[in-house]
Number of protein chains: 4
Amino acid sequence: MKGIKGDTLSTQKLHIGIIGAGRIGRVHAETLAFRLPEAEIVAITDINREAAEALAARCNIPKVAASSAEILADKQIEAVLICSSTNTHADLIEQTAKAGKHIFCEKPIAFSLEQIDHALAAVKKAGVQLQIGFNRRFDANFARVRHAVATGEIGAPNLMHIISRDPGPPPLAYVKVSGGIFMDMTIHDFDMARFLIGDEVEEIYTAAGVRVDPEIGNAGDLDTALIVLRFRNGVIGTIDNCRKAPYGYDQRVEILGSEGKIATENCYPNQAVVSDGKSVHTDLPLNFFMERYTESFASELKSFVTAIREEQTTEVTGIDGRIPVAMALAARKSYDEHRPVRLEEVGG
Amino acid sequence: MKGIKGDTLSTQKLHIGIIGAGRIGRVHAETLAFRLPEAEIVAITDINREAAEALAARCNIPKVAASSAEILADKQIEAVLICSSTNTHADLIEQTAKAGKHIFCEKPIAFSLEQIDHALAAVKKAGVQLQIGFNRRFDANFARVRHAVATGEIGAPNLMHIISRDPGPPPLAYVKVSGGIFMDMTIHDFDMARFLIGDEVEEIYTAAGVRVDPEIGNAGDLDTALIVLRFRNGVIGTIDNCRKAPYGYDQRVEILGSEGKIATENCYPNQAVVSDGKSVHTDLPLNFFMERYTESFASELKSFVTAIREEQTTEVTGIDGRIPVAMALAARKSYDEHRPVRLEEVGG
Amino acid sequence: MKGIKGDTLSTQKLHIGIIGAGRIGRVHAETLAFRLPEAEIVAITDINREAAEALAARCNIPKVAASSAEILADKQIEAVLICSSTNTHADLIEQTAKAGKHIFCEKPIAFSLEQIDHALAAVKKAGVQLQIGFNRRFDANFARVRHAVATGEIGAPNLMHIISRDPGPPPLAYVKVSGGIFMDMTIHDFDMARFLIGDEVEEIYTAAGVRVDPEIGNAGDLDTALIVLRFRNGVIGTIDNCRKAPYGYDQRVEILGSEGKIATENCYPNQAVVSDGKSVHTDLPLNFFMERYTESFASELKSFVTAIREEQTTEVTGIDGRIPVAMALAARKSYDEHRPVRLEEVGG
Amino acid sequence: MKGIKGDTLSTQKLHIGIIGAGRIGRVHAETLAFRLPEAEIVAITDINREAAEALAARCNIPKVAASSAEILADKQIEAVLICSSTNTHADLIEQTAKAGKHIFCEKPIAFSLEQIDHALAAVKKAGVQLQIGFNRRFDANFARVRHAVATGEIGAPNLMHIISRDPGPPPLAYVKVSGGIFMDMTIHDFDMARFLIGDEVEEIYTAAGVRVDPEIGNAGDLDTALIVLRFRNGVIGTIDNCRKAPYGYDQRVEILGSEGKIATENCYPNQAVVSDGKSVHTDLPLNFFMERYTESFASELKSFVTAIREEQTTEVTGIDGRIPVAMALAARKSYDEHRPVRLEEVGG
């Protein structure tokens, strides 16, 4: 399938179908409907038809499809956003690729590398484009850090720290199907680590525990983790994860290079500082990913739509979706075996 | 004319016409088109027809009207945005009111209080709603400061400072028709002062000069000013204006109250801090009002659309458009006569 | 009298007598005793003999003199620190000058320009050195700002703001003999304004009131003030004074120049930031001048001792003591007459 | 030997001898001479007699002893400061203890636990007091963090990060005798980790490399390290060390607790912020430990002198000197064997 480059660029909209009308599906639908005039949502579907209908009404989507199959069969649709639950991603990627449509898929593709490889093979065979939903790459803070590393502004990187803490743990029911903290939460940070340094991790060491809620431990998961990354180029990095930061969403990175360091702070709802008889204080940081990463969600979709329309490779490809899953597997194996684990040990 | 309250609220869009397709007209058109599903632009006009056509294409506006008269005659249009040059505001308000349509008008209404009073009388007579474009009230920082004052978080206010500096002076041609720095630039700060303190200014003293560009002085204007405000409730305030801040747009306020202070910092494109061998530094603040106040422009229109649809009074009324003009007149008179001037001396 | 320059420099200590063992006398005695090996306190006196004896014991001062006359008659003493109450300063300067000893005198010299002129004439006649205790010039923050202006780091200065607020008002008894807020509190800021800009103020406008404590008003004084300064070189400045800042001592300056701005923040007891479920906060700034300006007190005495020993002019001379008093007189006159007042009107 | 408690407290000075007149010896001598009136230096010695004489002259020390033996034999001396090179510490502690004098000894006591245990046994037998020179515990920032943990201000600690980077590597000659980065540099951070959390580390994992200077690697040492600490109470911590931070000395900690986090920033020579056409920037942080930790050096000696005079246990005891050495041994073993190492494996 061809892109729609050329003199039609400014008028011809990209026709999109959306599978999944849950939380992230709604974010993407609103971006497409209200902020991206160059795209048009043709149809949406969800196993919860009511959710799909409500979102269709809100975003002026003309058709609520009965199934993903109906989306894939729609000749008008050029690209599909897969926003359904993780266990459906790999199959939907494969089917969408076979239908000759470009794909935007939320992370992670799957919990197993075999499934991922199968899906990526289908994408390659079909010659369609695939973008994985690692939205944080499009965040102004992290993009600025990547810029500093890529341009040599801080010299060659030596040490990297990612702090990524949720305001509170998800419901236990979700924890049980989430694939575990490394697959569900750290996956973003694994992607961020590769993105920021511009190199691959070869070994991972995990120190972790259950500090927030014993029930998370009873479910076989962890809620607090410190992961050490050794990159091929010698950079040493850490990821600090916790399911509970009482002050809100904590999303920071810091890189020390041979010529300087760059560090980001959290984002706040305003820049007001109050000084009273007790302390000098500000309001809490933006509370969670929907507020914190609003703009990055819009930017990633704009990037996807642009890539398809201009026939360029997407900024976050299938392999970018595969590697963080391998890293998550290695992180868990390191925890289980209490030793550093090389990515190649888990098929990474 | 009635609002459109009631059970039609969630489905019936507010039909809007726009007069003026320049810089600010474009901002509002984009907000309405892409971010406010509850409004719909029916028609747009501009004395530069090409500008109107380009914006209509970009924002899917179905009609480019030949004149403002055509807009005012359009029965479908319920509300009009007046985004044309300042010298047309008062007349257009009057005509729009007579046409029975609600009005959103950019600041200032006019440079003379007589013209303003004439326009406001027409609005009152027609019983339509009027909102003046003091967008900064809808900015998260200033709204937070107002909240602190209104709720007593910092006690009773005693001292207030507004710093409001442009990154660079406007073209000299613009300076000559701008009405002067107090009418063009300080007008926003006069509104902010009233809004933040929640009280009226009774006396103004101005110290000012030409420090940025002698040509501005040759044109009879000033480019650097310090204005002292004495409020009825005894609060003392200052406004610091300069047409040139080499580091970009500088927009801060600070209020000292009996129980504490609140101060705002500028807004930045990112929260990254770079430390190298020379300094610890950040990128420059957001460069000018289009970047800095993006969200406030969207919020003010949302507020306007909501007020009309729900038949409530707008958040920035006609009198809020009149008083800052009186303050600008007093500020200039104080400079000319080198003494404190009471607002009542200029008809305020 | 000669300095003690030359090869004796490293061994010969400067012999000092101190008049006044109150709060500021104690600060200076401790600096000399414990931090300035190049000086030696020979004797101290105070109208409260017990205070002098206690301080002598603490600082190993060998002699407690019965009177200032005894200090001035002591042949060994080369320099005298006048730390007694303001009403004694002018006379003591005159007598110390006549005794041929160098002088360090706390601010202000006197509340009247006549008294000051008399004292400065005696200093000139005697050919001794005089340094006035404007310690803030020696503070790291303000010295950094002065450096930026003096070197052109921010271009030519255009606007200046000084914020100077006490944590709470002094006892009413003190207020009544203090000479008023401009003479007692703003005097430091008047000096700072001249020091930072490196130019003289020619006109002052004052807006002020009683906002903190009505008793201060009943005593004929003010507790909240905003003073506008117009410098000869066209710079416009403000001083913001309040007798009560509930969050502690607030001491900041900001200067906008043609090429940039420089602004200082308050000083804190530590650099820790706590984020909890309610806010992101720090401890309060250093509470008052004894903590905030500790190092500047040590630096000003070091500067004085060095100037005397190396036969150089002191960094803060008699005229630097006179001008802020004239500025205080003009500020009050402006308040009383509700108009801008030129310094020359008060003999400045 | 007894302390000197009781009614002599305010007059009787603690008589001190100093062994070592190098960099740190000079810091301590100046503190005692100029800032601690309750102590008196009786004698000093150094293998470089000239250095001892210069320091004696500067600090008014009456006697330059020919050897440490002469110091230990001096009946007047009650306490000895051991500021000589590390390889002499253990022996000098033993001899000083045998001489019945209290001891302040710089860190580390020795590179081997056997030597340390031998020295500590002598101290115990003699019944004298011993304080180890972990000055950072007395720093305002770290004391504030400890306070937050100890009082439960941030709840129970879960994750801890220490960043500790030097502005540049020491001379290679020093590196070779330093005992390696963990014994020379991280030793402070090991102490800080125990101090802040108030619990013991049971396991260490090290990721490290040579990133700054290959010569450091050729000397068998490392210059960049990330050390993971697992505390008995389940807290997970990291230490980030680098021999080169191009922007100066970087000394920060952060702790996430169940109720909040506390984080410290670096210390700066001033609080001025410059905004120009390129960036918003500050001067660099305080450059190295002599500037950064000035006050903590004074506080630790004051604490030592007070403990001796009041017959209390010192705040940093012999065991506090032993454990960080065991941690350094474990950190190196972890690096060498590429696995987590329990402290008990190295005799910790």
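Gly100(D), just after helix H4 of chain D, takes a positive phi of about 75 degrees. This is a predicted model, in which local features need pLDDT of at least 70 and side-chain atom pairs count only at pLDDT 80 or more, while totals for chains, interfaces and linings use all residues. Residues are numbered from 1 along each chain as its sequence is written, and chains are lettered from A and ligands numbered from 1 in the order in which they are written.

Helices (H or I, at least four residues) and strands (E, at least two) are DSSP runs, numbered from the N terminus. The expected span of a helix is 1.5 Å times one less than its number of residues. Two helices are set against that value below.

| Helix | Residues | End-to-end C-alpha distance | Expected span |
|---|---|---|---|
| H4(D) | 86-98 (13 residues) | 19 Å | 18 Å |
| H1(C) | 23-35 (13 residues) | 18 Å | 18 Å |

H4(D) has a kink of about 30 degrees centred on Leu92(D); the bend at a residue is the angle between axes fitted to the seven residues ending there and the seven starting there. Leu92(D) is also among the buried residues of H4(D), which include His89(D), Ile93(D) and Thr96(D). A residue is buried if 20 or more other C-beta atoms lie within 10 Å of its own, exposed if 12 or fewer, and partly exposed in between, with C-beta atoms placed from the backbone. The buried residues of H4(D) pack against several elements of chain D, among them strand E1 (14-19) and helix H5 (113-126). Packing rests on contact, which requires C-beta atoms, placed from the backbone, within 7 Å.

In H1(C), Gly25(C), His28(C), Ala29(C), Thr31(C), Leu32(C) and Ala33(C) are buried. The partners of these buried residues include strand E2 (39-45) and helix H12 (294-309) of chain C.

Val177(D) lies in helix H7 (residues 172-177) of chain D. Val177(D) counts as exposed because 11 other C-beta atoms lie within 10 Å. Its C-alpha atom is separated by 9.3 Å from that of Asn87(D), 90 residues apart along the chain.

The contact between chains A and B takes 28 residues from chain A and 28 residues from chain B. On the side of chain A, helix H1 (23-35), helix H6 (140-150), strand E12 (260-264) and strand E13 (272-276) each supply at least two residues. E13(A) pairs with strand E12 (residues 260-264) of chain B in the antiparallel sense over five bridges, where pairing requires at least two DSSP bridges between two strands. In E12(B), Lys261(B) is the bridge partner of Ser275(A).

Definitions and conventions. Two residues are in contact if their C-beta atoms, placed from the backbone, lie within 7 Å.
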